[in-house]
Amino acid sequence: MEKMNCTEKIAIFPGSFDPFTTGHESILKRGLDLFDKIVVGVGHNSMKQGFFPLEKRIEWIKELFADEAKISVVAYEGLTVDFAKEQKAQYILRGLRTASDFEYERAIAQMNKALSNELESVFLLTTPELTPVTSTIVRDIIRHGGDASMFIPQKLDKSEFHLKNAIAPQK
Ligand code: ADP
């Protein structure tokens, strides 16, 4: 039976997801055990171009979780706390890989808490084998014509993750 809206635990999972990797997939799937709903927020900045177009990044995540009713995917711009409010979320889900991730995430989470005291950030530690997976390295591999398929979620069409789909040749 569906739960009452007021008791629903809703999390946002914000990120650039440029592109979405096996690391992101793992965090999101594990988050399903904790929350009733997770809204993946694909953050974009109109002043800063990504590597893959926003539409593609969203399309890939939607395709991957097409059968998962608890997950939705939307674009957002602006403050993450405002996006969380818009989505009626009480939680921000993030993944942690390394000590430097921790320092970065700590600062963001504490600032978010200062901006919106009722929002809680929840962190899941990466599974050991996914620790080195980063979108930055995946982009580098693609940019130089390498095979990044092992870092892309299995269900997705690997040929899509190609320079031909990138916004423009990046320096
Ligand atoms: P941002 O640009 O906001 O850092 P990313 O798309 O790089 O967004 O990452 C979104 C979230 O996923 C972050 O919390 C990041 O730490 C987490 N993440 C990225 N890669 C991994 C991974 N391999 N294992 C666990 N968490 C990860």
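Where is Phe17 found? I looked this up first in the model, which is a predicted one. Phe17 is found in the loop between E1 and H1.

**Entry: the loop between E1 and H1**

I checked the backbone of Phe17 and noted a phi near 45°, a positive value in a residue other than glycine. I then asked whether Phe17 is buried or exposed. Its relative accessibility is 3%, so I recorded Phe17 as buried, the limit for that class being under 20%. Pro19 is found in the loop between E1 and H1 as well. I examined the peptide bond from Asp18 to Pro19 and found it to be cis, with omega near 0°.

**Entry: Lys88**

I turned to Lys88, where phi is near 60°, again a positive value in a residue other than glycine. I located Lys88 in the loop between helix H3 (80-86) and E4. The relative accessible area of Lys88 is 64%, so I entered this residue as exposed, a class that begins over 50%.

**Entry: the sheet**

I traced an open sheet of five strands and wrote down its order as E3-E2-E1-E4-E5, with parallel pairing. Strand E3 (71-76) and E5 are the edge strands, each pairing on one side only. Direction ignored, I noted that neighbouring strands of this sheet are turned against each other by 30° on average. For the pair E1 and E4, I recorded two bridges in the parallel sense. Ile12 stands opposite Ile92 in E4. I also followed H4, which lies across E4 and E5 and runs at about 170° to E4.

**Entry: the largest pocket**

How much space lies in the largest pocket? I noted about 1300 Å³. The lining comprises 48 residues, and those nearest the centre of the pocket are Gly15, Ser16, Phe17, Arg94 and Tyr104. I sorted the lining residues by class and obtained 18 nonpolar, 20 polar and 10 charged.

Which element gives the most to this lining? I entered H4, with six residues. The elements that each supply at least two residues of the lining include strand E1 (10-15), helix H1 (22-31), strand E4 (91-96), helix H4 (99-115) and strand E5 (120-125). Helix H2 (54-64) and helix H5 (135-143) also each supply at least two.

**Entry: cross-reference**

I closed by setting the notes on Phe17 side by side. This residue has a positive phi, counts as buried, and is one of the residues nearest the centre of the largest pocket.

Terms used
Residues are numbered from 1 along each chain as its sequence is written. This is a predicted model: local features need pLDDT of at least 70, side-chain atom pairs count only at pLDDT 80 or more; totals for chains, interfaces and linings use all residues. Side-chain values use heavy atoms; hydrogens and water are left out. On a 1 Å grid over the protein atoms alone, a cavity is a set of points where a 1.4 Å probe fits but cannot get out, and a pocket is an open set with protein on both sides within 12 Å along at least five of seven lines; lining residues have an atom within 4 Å of a point. Grid points are joined across faces, edges and corners, and a volume is the space filled by probe spheres set on the points. Helices (H or I, at least four residues) and strands (E, at least two) are DSSP runs, numbered from the N terminus. Ala, Val, Leu, Ile, Met, Phe, Trp, Tyr, Cys and Pro count as nonpolar, Asp, Glu, Lys and Arg as charged, and the others, Gly among them, as polar. Buried means under 20% relative accessible area, exposed over 50%, partly exposed in between (1.4 Å probe, protein chains only). Two strands pair if DSSP finds at least two bridges between them. Axes are lines fitted to C-alpha atoms, for helices over the stretch in contact, and angles run from 0 to 180 degrees between N-to-C directions. Contact means heavy atoms within 4.5 Å.
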